[in-house]
Amino acid sequence: MSAAHRNAATPASIPSPLLRRSVLRPVFGLLLAAAATQAFAAEPRSAWYVQGGVAEDAQSLTVGMSRDWQWEKQYRYGHISGQWQGEVARWHSDSQNSTQLGVTPALRWRPNGWDNGWFVEGGIGVNVIFPKYDTRKKEFSTTFNFGDHIAVGKRFGADQQHEWSLRFQHFSNGRIKNPNPGENFLQFRYTQRF
């Protein structure tokens, strides 16, 4: 066998996209958590929020709390900060109801040049959904799922204490086990900071 054949990658040695995705999500979450521990002079604030969402086969109502990280940074293209978000939600589907408990580290970017208060946010968190999400069209195979989201929103009020955001959130188990159809929600959130 030639040296070129011995050094050629075999199918078993090439990471599959499935493996890369199931590894990248938790790694990204850990990086967000590590960033939260890098203290920077910022006064953290807490908030409560309520949000409603719709999916192909379900509607959701969520209540939660968030806590700003004691970290923020000004970059050339905008201001970056972060927060922890913890929530409980009730999903109503065509065949059953489920409860979702989640914790998510989220990064928030306020681009330079945007009107005061506007932001873009993204995060990946861990969730427990019980009983397992099951509709006429979709069936989750695990109660443990990842939840990743992207949002655009605006803070307003005399002390920037109010906030609204439009969010897209995807839930799935990262292909830990099949079936893994995932569910996508379009959500509207109102937040009151204190």
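These legends walk through a few close-up views of a predicted model. Residues are numbered from 1 along each chain as its sequence is written, and side-chain values use heavy atoms, without hydrogens or water. Because the model is predicted, local features need pLDDT of at least 70 and side-chain atom pairs count only at pLDDT 80 or more, while totals for chains, interfaces and linings use all residues.

**View 1. A closed barrel of 8 strands**. Follow the barrel round and you pass β1-β2-β3-β4-β5-β6-β7-β8, with antiparallel pairing. (Strands are DSSP runs of E with at least two residues, numbered from the N terminus; two of them pair if DSSP finds at least two bridges between them.) Neighbouring strands are turned by 25° against each other on average, direction ignored; the angles are taken between lines fitted to C-alpha atoms, on a scale from 0 to 180 degrees between N-to-C directions.

**View 2. Where β2 meets β3**. These two strands run antiparallel and are joined by 15 bridges. β3 covers residues 78-93. To pick out a bridge, start at Leu61 and look for its partner in β3, Arg90.

**View 3. A nonpolar patch on the surface**. About 880 Å² of surface is made by Trp48, Val50, Leu61, Val63, Met65, Val88, Leu101, Val128, Phe130 and Phe194. The elements giving two or more residues are β1 (46-54), β2 (58-75) and β5 (118-130), and the largest share, 3 residues, comes from β2. Leu101 sits in β4 (residues 97-111) and counts as partly exposed because its relative accessibility is 39%. (Patch residues have over 30% relative accessible area and no salt bridge; nonpolar side chains, meaning Val, Leu, Ile, Met, Phe, Trp and Tyr, are joined within 5 Å, and like charges within 9 Å. A salt bridge puts a side-chain nitrogen of Lys or Arg within 4 Å of a carboxyl oxygen of Asp or Glu. Areas come from the Shrake-Rupley method with a 1.4 Å probe, and for residues only the protein chains shown count as cover. Buried means under 20%, exposed over 50%, and partly exposed in between.)

**View 4. Two cis peptide bonds, at Pro131 and Pro179.** The bond from Phe130 to Pro131 has omega near -15°, and Pro131 is in the loop between β5 and β6 (144-156). From Asn178 to Pro179, omega is near 5°; Pro179 is in the loop between β7 (162-172) and β8 (183-193).

**View 5. Positive phi at Gln160 and Arg175.** Neither Gln160 nor Arg175 is a glycine. Gln160, in the loop between β6 and β7, has phi near 55°; with 24% relative accessibility, Gln160 is partly exposed. Arg175 has a phi of about 65° in the loop between β7 and β8, and is partly exposed at 44%.

Definitions and conventions. Helices (H or I, at least four residues) and strands (E, at least two) are DSSP runs, numbered from the N terminus. Buried means under 20% relative accessible area, exposed over 50%, partly exposed in between (1.4 Å probe, protein chains only).
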